[in-house]
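Student: Please put the model up. I would like to go through it by question and answer.

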Number of protein chains: 2
Amino acid sequence: MSQPTMDDVAAKAGVSRALVSLVMRQSPRVSEHNRAKVLAVASDLGYRPNTAARNLATGQTHTIGAMLNDIHNPFFTAVAEGASKAAADAGLHLLLSSGWQRSEGETEAIEMLLGMRTDGLLLASPRLSHVTISEFATQAPTVIIGVWGPWTDMDSLNNDEDHGAELVVDHLTKLGHKRIAHVSGNLPAGGEQRRSAFANAMMKRGLAPIIIDGDFNEKAGYDGAASLMALHDRPTAIFAGNDLSAIGVMSRLHELGLRVPEDVSVIGYDDTNIAGISAISLTTIHQPREEIGTLAIQLLVERIAGRTEDRHEELKPRLVKRSSTAPVATA
Amino acid sequence: MSQPTMDDVAAKAGVSRALVSLVMRQSPRVSEHNRAKVLAVASDLGYRPNTAARNLATGQTHTIGAMLNDIHNPFFTAVAEGASKAAADAGLHLLLSSGWQRSEGETEAIEMLLGMRTDGLLLASPRLSHVTISEFATQAPTVIIGVWGPWTDMDSLNNDEDHGAELVVDHLTKLGHKRIAHVSGNLPAGGEQRRSAFANAMMKRGLAPIIIDGDFNEKAGYDGAASLMALHDRPTAIFAGNDLSAIGVMSRLHELGLRVPEDVSVIGYDDTNIAGISAISLTTIHQPREEIGTLAIQLLVERIAGRTEDRHEELKPRLVKRSSTAPVATA
DNA sequence: CAGCGTTCTGTAAACGTTTTCATGAGATTT
DNA sequence: AAATCTCATGAAAACGTTTACAGAACGCTG
């Protein structure tokens, strides 16, 4: 025989099922005496309300489903941590899932969450098309993080990419760099905006943007750096799509016998824990990671409470200067 | 009005609810013609089976709940990735949750998973007491990773700590180190076994183990290194509880103006991605992370299928030599 | 003792599926 | 035309809760 049910608890405690239900839902209209008895019996029996049944009856799950682009990326786990805390404060649970960097994986994960009828959906930089995302968003209150799009009937939370790229290019050009390359992140997952912001910031200064299509991971940086260093007019600085990619860039440069920052300056994005490690000390663009998670939950909570107007928030990043960037070598 | 139900689909497709149910469960006893029509209508309506209702009716969730000690630790995310793939292959979903390095957080997360009646429970190095874990394990097929205990009615998957410590101490002593310190990991979460294995390996060689209580994160390494370097008889090598902690150790040493490995050798554990970064190049003990996840799911699947004997697997780790360890300086 | 408020009971419907079963309708084979 | 086979139907019960409601038991107050 399997798990005990409410009826089992009621029978053993000598009360009605309705009373047990009230106790489980922390209703105040239960005598202290009976509440204690029911809880005692419940823990004795190892009873635990069946959430599937509860969800079915109430139509509410008190759960937010989060789909993270890449659980290996500290940026997303920090966002998730912020979200998890905020959700707990709001009496909600956060259910994590990841697409493991594959778009089909993301689709599956979101389908699962929608099937469970989570009260809300938190999409962190999905790799899916705008159309697909918009379709999913019709099924539950949704907030999307880190992807620009013509979002309607959902909320979004974005980094001010223009400002970020401006910070990067400003910093590097002030150090005398002119040949600056960008290893872009995965385009659907927010890399597009960053790439074009970089291109604009460069052109504005009359500089030619060098761009390599990549992804938001170590491998892309590693591969990208190789291609860039094979150019006969090597860039003197590399702006990686994010910190992970920057790490890949640094690894490859190291293997090529090039020093950072003496030979090549490298700059990342996100200011994840990795960037702060002394041995790495990566100059990067800081984003308020946990805050992003908190804010996302706040937006969802408002939605769930009934807000219907869309909100599209934009956060300003800032530069964190460490030791991976330096004045261009005067060759 | 909310989400469409099976009846809505049935009505619109002009078939019975039973038929829609058959289609949704991919039954083969449905004509191609009707299957297509039902699927068309379903997607038209945006219909998606309600898993709560389905779970209730079948008593199965086809879901494994995973509780990760620390989602920021690449070791656990790699385990999760392996588990996720294996689960998908077995027709199961993996639901992630984390206790965010707090034991109450872990309790909550597990309670939630049990409430959802997941078919199995995957506990990755929980920080909870043996008693608490054993209680949870009575409620669902459970496999625990990385914690030694007197487990009964559950499976476990462990690293051969004696072998690992032996590798560490052997490597360091062969390099001439005698004053070797260990910044231990969080004890309930598996740090205890590693610590005592280290102590044994040292004593066996007539060496005094220097041990600092820590945790499996960067901060612990950072703090631990400070304490160790304040000793008047400084250790010449530090064995960190895991890679994260080793990073913390290296950061602090760097700040203290000490070079790795010239002044102090550092060795980590887990061989996470971080260890392989060229700029870090951490000597560490390798564990087959994804395989661990895969194996864990396999154990759970067997359990769910009815196996009742306990299985306790032990995996042998191996040393990966990089550049954070070197012969002791002849002062 | 009447009246009142609080706490509890028992019953029943509802949530959206799955599952079973007896029956029926069509198509295909003999 | 009869027999067989495949596919579909409709009804009903079940899963474990929540929720609503009418009424009962109880202890207090006046």
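Tutor: One definition comes before the rest: copies are superposed by least squares on the C-alpha atoms of residues with pLDDT of at least 70 in both. Keep in mind that this is a predicted model.

Student: What rotation superposes chain B on chain A?

Tutor: Two copies of a chain are related by a rotation about an axis and a shift along it. Here the shift along the axis is 0.1 Å, and the RMSD is 0.1 Å. The rotation is 180 degrees.

Student: Then which kind of axis relates the two copies?

Tutor: The superposition takes a rotation of 180 degrees with 0.1 Å of shift. The two copies are thus related as by a two-fold rotation axis.

Student: What percentage of the contact residues of chain B recur in chain A?

Tutor: Contact means heavy atoms within 4.5 Å. By that cut-off, 41 residues of chain B are in contact with 41 residues of chain A. The same surface serves both copies, and the recurrence is 100%.

Student: How much area do chain B and chain A bury between them?

Tutor: The size of an interface is often given as the accessible area lost when the parts come together. Carbon and sulfur atoms carry 58% of the area buried here. The total is about 4300 Å².

Student: Which residues of chain B lose the most area to chain A?

Tutor: Three residues lead on that side. Together they make up 18% of what chain B buries. They are R48(B), W100(B) and R117(B).

Student: Is Q139(B) buried or exposed?

Tutor: Q139(B) sits in the loop between α7 (130-137) and β4 (142-145) of chain B. Leaving out residues up to four places away in sequence, it touches Q3(A), G46(A), R48(A) and L114(B). Buried means under 20% relative accessible area. Q139(B) has 17% relative accessibility, so it counts as buried.

Student: On to the DNA. Which residues come nearest to DNA strand C?

Tutor: There are 22 residues around DNA strand C. They divide into 10 nonpolar, 8 polar and 4 charged. The nearest are S31(A), N34(A), R17(B), S21(B) and R25(B).

Student: Which element gives the most to the surface near DNA strand C?

Tutor: Each of α4 (51-58) of chain A, α2 (17-24) of chain B and α4 (51-58) of chain B supplies at least two residues. The top contributor gives 4 residues. It is α4(B).

Student: How far is a polar side-chain atom of R17(B) from a base oxygen of DNA strand C?

Tutor: Of the atoms of DNA strand C within 4 Å of the protein, 75% belong to sugar or phosphate, and the rest to bases. On phosphate oxygens, the side chain of N34(A) has an N or O atom at 2.4 Å, and that of R25(B) has one at 2.7 Å. For R17(B) and the base oxygen, the distance is 3.0 Å.

Student: What phi does G59(B) have, after α4(B)?

Tutor: Start at the other end of the helix. There, a side-chain oxygen of N50(B) reaches to within 2.8 Å of the backbone nitrogen of A52(B). G59(B) follows α4(B), and its phi is positive, near 75 degrees.

Student: Now DNA strand D. Which element gives the most to the surface near it?

Tutor: 21 residues surround DNA strand D, and R17(A), S21(A), R25(A), S31(B) and N34(B) are the closest. Sugar and phosphate account for 74% of the strand's atoms within 4 Å of the protein. With 4 residues, the top contributor is α4(A).

Student: How far is a phosphate oxygen of DNA strand D from an N or O atom in the side chain of N34(B)?

Tutor: Polar side-chain atoms of chain A also reach phosphate oxygens of this strand. Y47(A) does so at 2.9 Å, and R54(A) at 2.9 Å. For N34(B), the distance is 2.3 Å.

Student: What is the relative accessible area of G293(A)?

Tutor: G293(A) belongs to helix α13 (residues 289-304) of chain A. Leaving out residues up to four places away in sequence, it touches V79(A), G82(A) and A83(A). G293(A) is buried, and its relative accessible area is 0%.

Student: Last one: is T272(A) buried or exposed?

Tutor: T272(A) lies in the loop between β9 (265-267) and α12 (273-276) of chain A. Beyond four places in sequence, its contacts include N73(A), D243(A) and R289(A). At 3% relative accessibility, T272(A) counts as buried.

Terms used
Residues are numbered from 1 along each chain as its sequence is written. Chains are lettered from A and ligands numbered from 1 in the order in which they are written. This is a predicted model: local features need pLDDT of at least 70, side-chain atom pairs count only at pLDDT 80 or more; totals for chains, interfaces and linings use all residues. Side-chain values use heavy atoms; hydrogens and water are left out. Buried means under 20% relative accessible area, exposed over 50%, partly exposed in between (1.4 Å probe, protein chains only). A residue is near a molecule or strand if one of its heavy atoms lies within 4 Å of it. A polar contact is a pair of N or O atoms within 3.5 Å; within protein, one must be able to donate a hydrogen and the other to accept it, and residues adjacent in sequence count only if both atoms are side-chain atoms. Ala, Val, Leu, Ile, Met, Phe, Trp, Tyr, Cys and Pro count as nonpolar, Asp, Glu, Lys and Arg as charged, and the others, Gly among them, as polar. Buried area is the accessible area (1.4 Å probe) that two parts lose on being put together, summed over both.
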